[in-house]
Amino acid sequence: MGTDTVYVGQDYPSGLSKRVPARLVAGPMLRERSCHAHVFRAGHMWNWRTSLPSGRWDQPALEKSRVLTRSVATATDPEITSYPGKSVSTSTQVQEEDWCSRESGWISPGLAPEEPSVVSEITASMVATMRVATEEVVLEPQPEQVVTILPEHGRNVPPGLAEQDTASPIEVSVLLPDLAENCPLCGVPSGGLRLLGKHFAVRHAGVPVTYECRKCAWRSPNSHSISCHVPKCRGRARMPSGDPGIACDLCEARFATEVGVAQHKRHVHPVEWNKVRLERRGARGGGIKATKLWSVAEVETLIRLIREHGDSGATYQLIADELGRGKTAEQVRSKKRLLRIDTASNSPDDAEVEEERLESLAVRSSSRSPPSLVATRVREAVARGESEGGEEIRAIAALIRDVDQNPCLIETSASDIISKLGRRVDGPKRPRPVVREQTQEKGWVRRLARRKREYREAQYLYSRDQARLAAQILDGAASQECALPVDQVYGAFREKWETVGQFHGLGEFRTGARADNWEFYSPILAAEVKENLMRMANGTAPGPDRISKKALLDWDPRGEQLARLYTTWLIGGVIPRVFKECRTKLLPKSSDPVELQDIGGWRPVTIGSMVTRLFSRILTMRLTRACPINPRQRGFLASSSGCAENLLIFDEIVRRSRRDGGPLAVVFVDFARAFDSISHEHILCVLEEGGLDRHVIGLIRNSYVDCVTRVGCVEGMTPPIQMKVGVKQGDPMSPLLFNLAMDPLIHKLETAGTGLKWGDLSIATLAFADDLVLVSDSEEGMGRSLGILEKFCQLTGLRVQPRKCHGFFMDKGVVNGCGTWEICGSPIHMIPPGESVRYLGVQVGPGRGVMEPDLIPTVHTWIERISEAPLKPSQRMRVLNSFALPRIIYQADLGKVTVTKLAQIDGIVRKAVKKWLHLSPSTCNGLLYSRNRDGGLGLLKLERLIPSVRTKRIYRMSRSPDIWTRRMTSHSVSKSDWEMLWVQAGGERGSAPVMGAVEAAPTDVERSPDYPDWRREENLAWSALRVQGVGADQFRGDRTSSSWIAEPASVGFAQRHWLAALALRAGVYPTREFLARGKEKSGAACRRCPARLESCSHILGQCPFVQANRIARHNKVCVLLATEAERFGWTVIREFRLEDAAGGLKIPDLVCKKADTVLIVDVTVRYEMDGETLKRAASEKVKHYLPVGQQITDKVGGRCFKVMGFPVGARGKWPASNNTVLAELGVPAGRMRTFARLVSRRTLLYSLDILRDFMREPAGRGTRVALIPAATGAAN
């Protein structure tokens, strides 16, 4: 090691600049709190780390470097910048205790202030070579970058040096601006503030990290807060050490200014801060104060006149004229706004006027519904189609004529369908109770028996209802069935559904648009039936007749019979009574056992016959196009993300109010059992007011006439209950009918209520089905909206639960500076600052709008429960990926969870999955995140998935037909935010598509942009790895070779085989090559032969120790192919022996003969190293046997021949060229896919047997362990 001059600073992980000797490219493991001068301590031994090629900082394996500090010298001027790299004499060296501190301003007495830098003489020795050399180190003033607070040094202690364990530091502070280029703990390049924060969260999750401004020393754990503060910081000095500062009267925090204390209270103590603001406002508003423009008498007169004449632009000039003294209408309007005069008087006369105004809303409106034309128009359309010669139309016309002659044919045909396709089930099959015998067995025996019983129950439920099992595990509940007595359930729902609601008409509540009845003037054809049937979920629960989707497809695969049946229903306006029988399943609203003891804790879902639901779906599609609803209703719309749009608008208006100080009034309305209590007359009246054809209204009415249901619980089914009120939750038409019923209220609020203005737009409601939010820009406006809501409920019979309603009023940052609002005479809960309520599945409040959820504890809880559940490893993976993680996607997306938090969750999930699957911690992410068809497990990566979901959602909302959605999207997502989100989703910087325009809705249907495919990126990164990525690209897009990954039990894979196959596929099988990673390869030699490297490719293809096993694997693949050829009529000769012209022996594996055709096939199993491995193998076989092909053909009596290679990958790769061999054998396409998967799985199992026998100690010298039949025959 030579002598060199190095510059010590803080901008590199070691504190050294680039001019560092080759052996000392990394610095000490220690960090210190220091000033601009880098301080050493005399006699202290430093340990140095070396840089590995991978970029990690680690201890050298065989060599260690030490640097001994002989003496210390320190510069006294912290502002030295004009002497970089200049050395000074060692005569300025002083003792260890002589140091300077920039914070305290203390100067060492032994140093001259003008000294530009400090020289420290050190001796470095290499243990391996024992060579000693002397180096000169120049301490250069460098800006402080990353600071670690040591355990033995507090923040106010001068910057001395002390040792610490860098694996677990107390605290890390990142100073801004001038961010460090590397992580102070491990030396990895930071890559910017965002990536550094992510790095701390993932790699150093247990280390507290704070961010600090260099100018004013403001500290915060939020990096975004400090980075936004730094450009605006005025460089306020820190509090002097002797100044105690201004203390917060609510906690022990101290600040230099009153503003600091106020901001601290606003963010840390929002309730107390808001209370003080309200008291100050009340004190200021206690009396009327005179100003230069307004006297006290004039203000009192102004208040009286406004309450007399009302609040409108036309009255401002009248009030100004009456006031006189040069007052203008603009001055009156401005003063009225400042005073916030309540125009709603409390006088009895005004109350009577308001009551009369609301009573006028109850006036019954005249019917606007046109006469019944649907049946006539449909008959005319059928007649025209019949004359044009359509086969389908002629069949429909014939059935219509039959129904006209015999109307009972509709009922009889329905009964025939049920008898053919369905089966009557009166109630759920009751499980046989478990009889527990009282025994005197020991405790461990009983515990073992209990675990076995729990395992059997879990496996039984997993095979029949995975969703139910997952819910029990994740929610910690033993059962999701209602355990209430059947008599209690029957009485509660009979009282609810058989009591006709009180509907008094709509009055002045009208819908906003007329219906387009042309949607119902055409018959229902087979194409429409097939399209809607295929869009229904495959696992859709059948009704009481047990007719499933599969049964309908088997009975009527083209949809022609159902089309004829539905057209007769449409023309006749009736639905058969046998299809009106339903069953109701109770779903828990929460996991709280106390709430589930009440019938209100269960949500009824009514399931009708599959035949009726398909017809209802067809009508719903037509009714959606025929009856437009108010754009503020976003519930259950297939064309939009209603929850996301409403939350976006709500969040943006709250943020604007907080930012601009404008008034904002919000009330969250909770209807009492809205879907179950809405009157049928209410729905029909709205349809009639909207102008819907009377025939269609009669058809909808008929669907609820004689409609009965039976509620299921643990004890069985209740007796039939008539559904005289409410809509069937579970029927496709129910959400649309409820939206239409609420449309008059929304229309009235938007037109007659006082909403919130945003430029030229105004909004008064945010609706998602029965989740209604009232919005206004004044307290008086909210009072008017609540009055309209109360009158609507009085007319329609709907009830509001005031105790579950919430509201808040913000004005100039102060929350709830108004009286408590009331609904139906009962006060509602006013949300205080710092609190939140649940709206559309996320927490919202007056403080920050949409609140970010804390999902990490939830994920920890779920992983613990899954780990403790009696499940197999693949089943744990299934529950986590298919049921647990999808639960948090909604909250993580709309709750605006940061990418750093998502990365933390991904780290927790990866650690658990690798533990479950017995994978090495160093297993690459590609195996976890790649798709099943690409050879991966398909695990969800929230760090990429959530930004991808947000990207698609924001792009759609920017092109929404709703102007409010487009405008709020453009306001909330800037161009830079959009670019960053695109990059987080996996896209390239600068390639993000342009979001939609705000001014006008898109008219043309545009093609969706090519969104980033983060799973493909993970797979490409996997394939690029030097060791674990060998051959990984060969499985990309190959469903055949990866058919065993998703559900190993379905293909006969035991769990031990599945786990070993995953390790083999990822290249982490515990061979000596893998175990010696990062070390010298001298210990990676094969344990069974002289080969220098023991790898999977060596064992599966070359090692002589398992030669017999490889021959057995080859022969078993030959047997599979020979059996398949014989199945299709070929005569197969195994190992046909023939000498060539040179006297060499040729032995092809299979010679297949059929008629005059001869196929010469030779099988080989190769380890998949790259894309050419199996191609070369096939070419080699063809080249080897082609010269003797004619001789073989002559000997077996054929005329023509073909020579083909049949290579298979040792890890189960099925090359596409083998399909040509199967096609020559005459194997059909369907059987070809099945056989290919069989050969792929079997070959993989045979390879696992080879690896197992290789690792197992031999039974005796010269013996080989045979393959275990149970393993090789497991897959089928």
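Reader: Over residues 246-274, how far apart are the end C-alpha atoms?

Author: This is a predicted model, so take what follows as computed from it. Over residues 246-274 the chain is 55% helix and 14% strand. UniProt, in an unreviewed entry, puts the feature "domain: C2H2-type" on that stretch. As for its end C-alpha atoms, their separation is 20 Å.

Reader: Is Thr 567 buried or exposed?

Author: Thr 567 sits in helix 17, which covers residues 560-572. Its relative accessible area is 0%, and the cut-off for that class is under 20%, so Thr 567 counts as buried.

Reader: Which residues does Thr 567 touch, leaving out those up to four places away in sequence?

Author: With that sequence filter on, the list for this helix 17 residue has two entries at 523 and 524, plus others at 378, 396 and 400. By name, they're Val 378, Ile 396, Ile 400, Pro 523 and Ile 524.

Reader: Which strands are the edge strands of the open sheet with the order 32-35-36-37?

Author: That sheet has 4 strands with mixed pairing. Neighbouring strands in it are turned by 20° against each other on average, ignoring direction. An edge strand here pairs on one side only, and that fits strand 32 (1131-1134) and strand 37 (1200-1209).

Reader: What stands opposite Val 1132 in strand 35?

Author: Strands of a sheet pair through backbone hydrogen bonds, either parallel or antiparallel. Strand 32 and strand 35 (residues 1150-1154) run antiparallel, joined by 4 bridges. Across from Val 1132, the strand 35 residue is Cys 1152.

Terms used
Residues are numbered from 1 along each chain as its sequence is written. This is a predicted model: local features need pLDDT of at least 70, side-chain atom pairs count only at pLDDT 80 or more; totals for chains, interfaces and linings use all residues. Side-chain values use heavy atoms; hydrogens and water are left out. Helices (H or I, at least four residues) and strands (E, at least two) are DSSP runs, numbered from the N terminus. Buried means under 20% relative accessible area, exposed over 50%, partly exposed in between (1.4 Å probe, protein chains only). Contact means heavy atoms within 4.5 Å. Two strands pair if DSSP finds at least two bridges between them. Axes are lines fitted to C-alpha atoms, for helices over the stretch in contact, and angles run from 0 to 180 degrees between N-to-C directions. UniProt positions are given in the numbering used here, feature names are shortened, and annotations may be inferred rather than shown by experiment.
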